[in-house]
Amino acid sequence: MSKIDLSLVCRAAGALTLSLLSITALAQRVEQRDEAAAALPLPAFLQAQPAAFELNWTPLRMPTQDRIALLGASYLVAMNEGWGVGPSFYGAAQGNYGGIFTVGFTAQRRGRLSPNLHWAASLYAGAGGGLSSDQVRFGGGLMLRPELSLRAEAGNWYYGVSAAHTRFPSGNVKGSSVGLVLGYSDGFMSYAPRDAGRRASSYKRSGLGFDEIALSVGRYKPHSSARNRSGTPSASMGKAGAVLRQYVTDGAWWGLEAAGAASGGADGYMEVLGTLGEDFALGSPRLRGGWHVAAGLGGGGDVDTGNGWLVKAGPTLRWKSPWGPSLHLDAGVMGAATGKFKSTFARFSLALPLDEAIGREGPFAEREGLVQTQAVYASLQHLPNVRFKNGREESVGHLAMVLTRDLGRNVYGTAQAGSAAFGSAGAYSFGLFGLGVQTQPWASLPGQPRVGVEALVGAAGGGGVAVAGGAVAQAEAWAQWSLGSEQRWRLRTGLGQWRSLRGETQASSLVNVSLGYAFGTLTR
């Protein structure tokens, strides 16, 4: 063997030795960390806060004198005996304006009149819009809706009447009306965020109560008879979105799904649906086939969904991996209840576990795992240079709901849903999901500041913003401070960039200020 060959062998052996030593040291650190985690005491018992899921029906007369109605859904968590706060959604569910959507937050004050009667004063602030014209304008997209209601109680259920005023301050859509309220009182179960990383066991779901989140991509292939609102044939549409599921048994679930157009020229199309399904083992407990149905609201992007109601159904196939995630393949037919949009569809999803799903032990089996932190943020985002389809360029302000979930000590998942609220891009909406990395280098300082970076992709469109096809991406660096002794409230600021991904791309810098509420959940 030559001297050169011997030198190469020596260097390779040295590198291999160093690698083995590094791997051994890393394994020892991981083992020490796991032993330390196992030695931690159990977290405090689950903290229970009163909560309610609430629906309301709001009639509204448009500037054209057309009558519509908005269906609203809110999830409110009590901050104290009188006040509740939570995310809300409103969508057109009557008339011929399918595709009007807004997403935001509601603050509600309640007072008791008798053992089975209470009043509530609410204020909703959200952003969105929909089908607009010279006569119907949503302005920048900001929607305000104060409401006063009277509710009678029957067990955990309550129902009543409301007087509400709906207004888009920078547009001409506004009106007052008497509506209906239906709600269900429950409890919001969570751990304190300071218990993150500790081991725990529980018989109840914690947090938002969903077992998994599935990130999905799919395609609609409209029937030959389907027509857009402009009268042209509907084109094939690619879409991206997410599904939240809770399993009642190992093979039956209910959930919520949302998606938006990401290709095909229908940017601005959005749908929000409730879903049910069931599947059965196909020779192996990991491979399962079954059915699913969904119904909800959708529209936008010139897609003719009539009053907004959509239904879809078809077969589903699921493969459960040994590591936790699962793969879903769905197909079927869908259509608008009163519009001209009819289509077949296919969708592929990667599902990631959130809570411990129901298994062979049944719905009341004890769950064991680690506490990890989730947070819900109300986010104000400023984009100073956004180009519109008519060539003009101006600033746009977004109002968004942001969800984050820690996947480990330094890695987290994140999702955003929001719309334009300030400027002239009313009806521009977006949905994004991605990953981030965070660290806490100054944990001993007041507010226990954190810093991090994240990257997201998704779908967006509407409001005249130039996002050909609808695919967009966003990256951001941020800093965060915890507020309060329990570290539940969090203030975050960030700087980043927003960018469209198809056609003649455009980009804008982004400034973000968010206020969040954090809670601990049990994960396997």
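This report walks through a predicted model, from its overall make-up down to a handful of individual residues.

**The big picture**

Strands run the show here: the secondary structure comes to 25 strands and one helix. The protein has 524 residues, and 48% of them count as buried. If you look at contacts with a separation of 6 or more, 61% come from residues 24 or more positions apart. On the outside, the protein exposes about 23900 Å², with carbon and sulfur atoms supplying 63% of that area.

**Two hairpins in a row**

Let's start with strands 2, 3 and 4. Strand 2 (residues 67-78) runs antiparallel to strand 3 (residues 83-94), and eight bridges join them. The two form a hairpin with four residues between them. For a landmark in this pairing, take Leu 71, which stands opposite Gly 91 in strand 3.

Strand 3 then pairs again, with strand 4 (residues 101-114): this pairing is antiparallel too and has nine bridges. Here Phe 89 stands opposite Val 103 in strand 4. The hairpin of strand 3 and strand 4 has six residues between the strands, and Gly 95 in the turn has a positive phi of about 100°. As a reminder for viewing such strands, side chains in a regular strand alternate between the two faces of the sheet.

**The largest nonpolar core**

Which residues touch the most other members of the largest nonpolar core? They are Ala 425, Tyr 428, Val 465 and Trp 498, out of 17 residues in that core. The elements giving it two or more residues are strand 18 (367-387), strand 19 (393-406), strand 21 (429-439) and strand 22 (450-461).

Tyr 428 is a good place to centre your view. Leaving aside neighbours within four places in sequence, its contacts include Val 465 and Trp 498, along with His 398, Val 467 and the run Gly 461, Gly 462 and Gly 463.

Next to Tyr 428 in numbering is Ala 427, which lies in the loop between strand 20 (411-422) and strand 21. Its phi is near 90°, a positive value in a residue other than glycine. Is Ala 427 buried or exposed? With 14% relative accessibility, Ala 427 counts as buried. Gln 448 also has a positive phi without being glycine, in this case near 40°. Gln 448 sits in the loop between strand 21 and strand 22, and its relative accessible area of 26% makes it partly exposed.

**Rings and charges**

A search of the whole structure turns up 16 aromatic pairs. One of them is Phe 210 with Trp 254: the ring centres are 5.5 Å apart and the planes meet at 55°, so the pair is tilted. Phe 210 lies in the loop between strand 9 (199-202) and strand 10 (212-222), while Trp 254 is in strand 12 (residues 252-263), so the pair ties together parts 44 residues apart in sequence. Phe 210 is buried at a relative accessible area of 12%, whereas Trp 254 is partly exposed at 33%. Elsewhere, ring pairs link Tyr 220, Tyr 269, Phe 341 and Phe 345 into a cluster.

There are also arginines whose charged ends sit over aromatic rings:

| Charged residue | Ring | Distance to ring centre |
|---|---|---|
| Arg 392 | Phe 388 | 3.8 Å |
| Arg 492 | Trp 478 | 3.7 Å |

**Two residues with distant partners**

Trp 478 comes up again among the contacts of Arg 450, which also touches Gln 438, Thr 439, Gln 440, Ala 479, Gln 480 and Arg 490, not counting residues up to four places away in sequence. Arg 450 has its place in strand 22. Despite its charge-bearing name, Arg 450 is buried, with a relative accessible area of 17%. The C-alpha atoms of Arg 450 and Gln 480 are separated by 5.1 Å, with these positions 30 residues apart along the chain.Ala 214, in strand 10, counts as buried at 0% relative accessibility. The C-alpha atoms of Ala 214 and Leu 352, which are 138 residues apart along the chain, are separated by 6.1 Å. Leaving aside neighbours within four places in sequence, Ala 214 is in contact with Gly 241, Ala 242, Val 243, Arg 245, Ser 349, Leu 350 and Ala 351.

Methods:
Residues are numbered from 1 along each chain as its sequence is written. This is a predicted model: local features need pLDDT of at least 70, side-chain atom pairs count only at pLDDT 80 or more; totals for chains, interfaces and linings use all residues. Side-chain values use heavy atoms; hydrogens and water are left out. Buried means under 20% relative accessible area, exposed over 50%, partly exposed in between (1.4 Å probe, protein chains only). Contact means heavy atoms within 4.5 Å. Accessible areas come from the Shrake-Rupley method with a 1.4 Å probe; for residues, only the protein chains shown count as cover. A nonpolar core is a set of buried Ala, Val, Leu, Ile, Met, Phe, Trp, Tyr and Cys residues joined through side-chain atoms within 4.5 Å. Two strands pair if DSSP finds at least two bridges between them. Rings of Phe, Tyr and Trp (its six-membered ring) pair if their centres lie within 6.5 Å; planes under 30 degrees apart count as stacked, over 60 as edge-to-face and the rest as tilted. A charge sits over a ring if NZ of Lys or CZ of Arg is within 6 Å of the ring centre and within 35 degrees of the ring normal.
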